[in-house]
Amino acid sequence: MKPEAAGSPDGLRRRRRWVVVVAAGAALVALGGLGASLVIKSPAQAAAEAGPPPRDVLTAPVEYRVLVSSLITRGQVVAGQTARIAPQISGGEGASGAVITKIATQAGSEVKQGQVLLEVAGRPVFALKGTVPVYRDLRPGATGKDVAQLQKALRDLGNGTGGDPEGTFGAGTKDALAAFYASIGYDPRPAQDDGGAALDAAEEAVKGAERALEDAEGAGTDGGGSPDKAVDRAREDLADARQAYDEAQAQSGPMLPAGEAVFLEGFPARVGSVQGRVGDQVTGTAMVVSSGRLLVEAYIPEYQKGLLRPGQPVEIHSELSGVTATGKVASVADAMTMRGQSSSDGGDKGDGAAGGVGGESGYLVRITPDKALDARLTGQDVRLTIEAASTGDKALVVPVTAITSGADGRTVVTVADDGGRQRRVEVRPGTSGDGYVAVEPVGKGALKAGDLVVTGVDAGRSPSDAAGGTAP
C-alpha cells in the first residue's frame, strides 16, 4: 500500500482531529483548576470564614450593686493643739535676762501635766491642763475663767484650793500654788516685788491703831472733849488699819507669771521640736509641744470643695507604717488658706502644715479618726480616700459611656438584644464613680440587670451606621 500524500484530504482530517483533542484537554485542565480553587482554601481563609461576623457596636452589661464615688487626696497627721513656747521674762528683768538655763525634755519625749519643760533665767516653764490661753499674770485677788482653770489644774495635781470660790484667787489658791512650786523644786515668784514692805507697813499701822484705841479708852476727858468721842475715832482708825492690812495680805503671796505656764488641752503631750540650747538668748519659739487627740488635715482645690461635707466616711492609710484607720470629715473651710499657714484662733489648733507645699492655697479639711491614732503617726503624710457619695443600697449601674442625652433633653441608654435590635430607655442618672453611674429607668421594667447597653461603636463603622436600626 502506498503512503498518503501530504496534501490529501484524509491527512488534513486527521490533523484537525488532533487539534480538537488538544484544545479539549486544555479546557478540561482549566476547569479543573477553577474547581480546585473553589474547594481548597488556606487555613487563614477558612478560619476567617468560620468565625462570627464583626460586631457593629460595643456593649456592656447592666449591673446591680452598691456604687461609691470616692475622692483620693493627701493629708498630714497633726495634733489637735500645737503650742509654740516663746518664754517671756516677768519681773522687769528685761530681754537681756531671757537666756535658756536648762532644757528639761527633748524632741519626741512625752510630757505629763505639771512637768517642767525648760528653764529661762533660772525660772521654770511648765505644762498644765487647760484650754484658756495665758494672757496675763495671775495674782492673788484676781478673778476669771483663767483663775478657775489654774485652780482645777492645781487640784488635779493634788493641791487643794481650800474654800476659795471657783474663779477667785484667794488664800486657798495661794497655798495650792506655793505647794505646787515646792513640788517641782522652785520658789514661787511673789506677787509684790517690795520684799513684803507693804504688808509690814500695814501690820505696823494696825498695831499703832490698837495702841491708840487703848490709850483713848483709858484716858479721861481732855480739854473738855468727850472720852466717848475719842474712843470712837480710835476705833474707826483701827478698823481702817485692819482693812488696809487685809487688802495688803490678800494681794501678797505667790503669783503665776504668764511666762512660766503653758496650758495644753490634754495629756500626755509630746515635744515636737526644741529650737534652742542652753545659753541661747530667747528670741522666739524655743520649743514646740503637741497635745490633744490626733487628727488629719488636708488642703483641697476649689473644684473638689463642693464634693465634701461633714460626716463623710474617710479611710486613712499610712504607706510608711502600713496603718489603716477610719474617720469622718469634721469640717470643710469656707475660705481658701495658704498651706503652712497657722489655723489657730487663740490657741494653735494644729500646725497647719498639711500638704507641706508652702505658698500653695487650698480649702482646709479636718478629719477626725473614729479611734485614737498611734502617737507615732504625728507628722506623717497619709493617703485619704473620702467617700464623696454612695448609692447606699444596691442600684442599677451602667458605664458612664452608655449615657447619652438627646436634643429633647432626655437622658437615655441604648439597649441591644440578642438579635441586634436596639431600643432607647430613658433613665434618671444618680451617683457616679469608678467609671459607672447609677440609673433609674423612667419606665417600669424597661431596664434590668443583665441587659446589654451600647457603650460605643466599632472603629470600622460610623455612629450613624450603627444607629441605623435603633428604634425610637
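**Exercise 1. In which loop is Ala 121 found?**

Solution. The structure is a predicted model in which local features need pLDDT of at least 70 and side-chain atom pairs count only at pLDDT 80 or more, while totals for chains, interfaces and linings use all residues. Residues are numbered from 1 along each chain as its sequence is written, and side-chain values use heavy atoms, with hydrogens and water left out.

Step 1. Helices (H or I, at least four residues) and strands (E, at least two) are DSSP runs, numbered from the N terminus. Ala 121 is found in the loop between strand S7 (116-120) and strand S8.

Step 2. The backbone of Ala 121 has phi near 55°, a positive value in a residue other than glycine.

Step 3. Buried means under 20% relative accessible area, exposed over 50%, and partly exposed in between (1.4 Å probe, protein chains only). Ala 121 has a relative accessible area of 26% and is therefore partly exposed.

**Exercise 2. Describe the overall content of the protein.**

Solution. Step 1. The secondary structure comprises 8 helices and 25 strands.

Step 2. Of the 472 residues, 35% count as buried.

Step 3. The accessible surface (Shrake-Rupley method, 1.4 Å probe; for residues, only the protein chains shown count as cover) is about 26500 Å², and carbon and sulfur atoms account for 53% of it.

Step 4. A contact requires heavy atoms within 4.5 Å. Among contacts between residues at least 6 apart in sequence, 71% join residues at least 24 apart.

**Exercise 3. Determine the surroundings of Asn 159.**

Solution. Step 1. Asn 159 occupies the loop between helix H3 (145-156) and helix H4 (171-183).

Step 2. Its relative accessibility is 14%, so Asn 159 counts as buried.

Step 3. Leaving aside neighbours within four places in sequence, Asn 159 is in contact with Leu 154, Ala 176, Ala 179 and Phe 180.

**Exercise 4. Analyse the salt bridges.**

Solution. Step 1. Side chains of opposite charge can pair when their charged atoms come close. The criterion is a side-chain nitrogen of Lys or Arg within 4 Å of a carboxyl oxygen of Asp or Glu; the structure holds 13 salt bridges.

Step 2. Glu 260 and Arg 123 form one of them, at 2.8 Å from N to O. Glu 260 lies in the loop between strand S10 (254-255) and strand S11 (261-264) and Arg 123 in strand S8 (residues 123-129), so this pair ties together parts that are 137 residues apart in sequence. Both Glu 260 and Arg 123 are buried.

Step 3. In the salt bridge of Arg 383 with Glu 319, the closest N and O atoms are 3.8 Å apart. Arg 383 belongs to strand S18 (residues 381-390) and Glu 319 to the loop between strand S15 (313-317) and strand S16 (324-338), so the pair ties together parts that are 64 residues apart in sequence. Relative accessibility is 28% for Arg 383, which is partly exposed, and 42% for Glu 319, also partly exposed. Through shared partners, salt bridges join Arg 74, Glu 319, Asp 381 and Arg 383 into one network.

**Exercise 5. Locate the cis peptide bond.**

Solution. Step 1. The peptide bond from Phe 267 to Pro 268 is cis, with omega near 0°.

Step 2. Pro 268 is found in the loop between strand S11 and strand S12 (269-274).
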